[in-house]
Amino acid sequence: MLMMKNMMMKSLVMASAFFISAGAMAAQEISKDEAKNYTEVGTVSTSGTFTDPKDAKDELSKLADEKGGKYYVITSARVEGKVQGTATVYK
């Protein structure tokens, strides 16, 4: 029983470390001025299903990652019951 508990604890620690390191690699929001130092790789848009602006920013960051970017600049945001946003992605 103790051995099984230790294995479960090690698994939880490893999973936590993975998610923490994955989060550390998320694309970062930068200013338009900072973006002048990077190469544009495209644009991304949120799904518009969020009520919290932080969740929309998290999705923009994730989408920027998927597009191969390290940075993004929010170019528009709208709140009409749900939060929507678009961003230009840079690397």
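In what order do the 4 strands of the open sheet stand? The order is β1-β3-β4-β2, and the pairing is mixed. The legends below refer to a predicted model.

**Figure 1. Overview of the predicted model and its secondary structure.** The protein has 3 helices and 4 strands. Along the sequence these elements follow the pattern α-β-α-β-α-β-β. Of its 91 residues, 26% count as buried. The exposed surface amounts to about 6,700 Å², of which carbon and sulfur atoms supply 59%. Among contacts between residues at least 6 apart in sequence, 60% join residues at least 24 apart.

**Figure 2. The open sheet, with strand order β1-β3-β4-β2.** The strands β1 and β2 stand at the edges; each has a single partner strand, so one side of each is left without a neighbour in the sheet. At one edge, β1 (residues 28-29) pairs with β3 in the parallel sense over 2 bridges. At the other edge, β2 runs antiparallel to β4 and is joined to β4 by 5 bridges. Between β3 and β4 the pairing is antiparallel, over 8 bridges.

**Figure 3. Residue pairs across the sheet, centred on Tyr72 of β3.** Tyr72 has Glu29 standing opposite. In β4, the bridge partner of Tyr72 is Val89. A further pair places Thr43 opposite Thr88 in β4. In a regular strand, side chains alternate between the two faces of the sheet.

**Figure 4. The hairpin formed by β3 and β4.** The two strands have 3 residues between them. Gly81 lies in the turn and has a positive phi of about 85°. The strands that flank this turn are β3 (71-79) and β4 (83-90).

**Figure 5. Helix α3, residues 53-66, and its two ends.** At 1.5 Å a residue, the 14 residues of α3 should span 20 Å; the end C-alpha atoms are 20 Å apart, which agrees. At the start of the helix, a side-chain oxygen of Asp52 comes to within 2.9 Å of the backbone nitrogen of Lys54. After the helix comes Gly68, with a positive phi near 90°.

**Figure 6. The packing of α3 against the sheet strands β2, β3 and β4.** The buried residues of the helix are Ala56, Glu59, Leu60, Ser61, Leu63 and Ala64. These buried residues pack against β2 (40-45), β3 (71-79) and β4 (83-90).

**Figure 7. The largest nonpolar core, made up of 8 residues.** Its members are Ala27, Val44, Leu60, Leu63, Ala64, Tyr72, Ala87 and Val89. Helix α3 and strand β4 each supply at least two residues of this core. The most comes from α3, which gives 3 residues. In soluble globular proteins, nonpolar side chains tend to be buried together.

**Figure 8. The surroundings of Leu60, and a second core.** Leaving aside neighbours within four places in sequence, Leu60 is in contact with Val44, Ser45, Thr46, Tyr72, Ile74, Gly85, Thr86 and Ala87. A second, separate core has 5 residues, among them Ile30, Ala35, Tyr71 and Tyr90.

How values were computed
Residues are numbered from 1 along each chain as its sequence is written. This is a predicted model: local features need pLDDT of at least 70, side-chain atom pairs count only at pLDDT 80 or more; totals for chains, interfaces and linings use all residues. Side-chain values use heavy atoms; hydrogens and water are left out. The expected span of a helix is 1.5 Å times one less than its number of residues. Buried means under 20% relative accessible area, exposed over 50%, partly exposed in between (1.4 Å probe, protein chains only). Contact means heavy atoms within 4.5 Å. A polar contact is a pair of N or O atoms within 3.5 Å; within protein, one must be able to donate a hydrogen and the other to accept it, and residues adjacent in sequence count only if both atoms are side-chain atoms. Two strands pair if DSSP finds at least two bridges between them. A nonpolar core is a set of buried Ala, Val, Leu, Ile, Met, Phe, Trp, Tyr and Cys residues joined through side-chain atoms within 4.5 Å. Accessible areas come from the Shrake-Rupley method with a 1.4 Å probe; for residues, only the protein chains shown count as cover.
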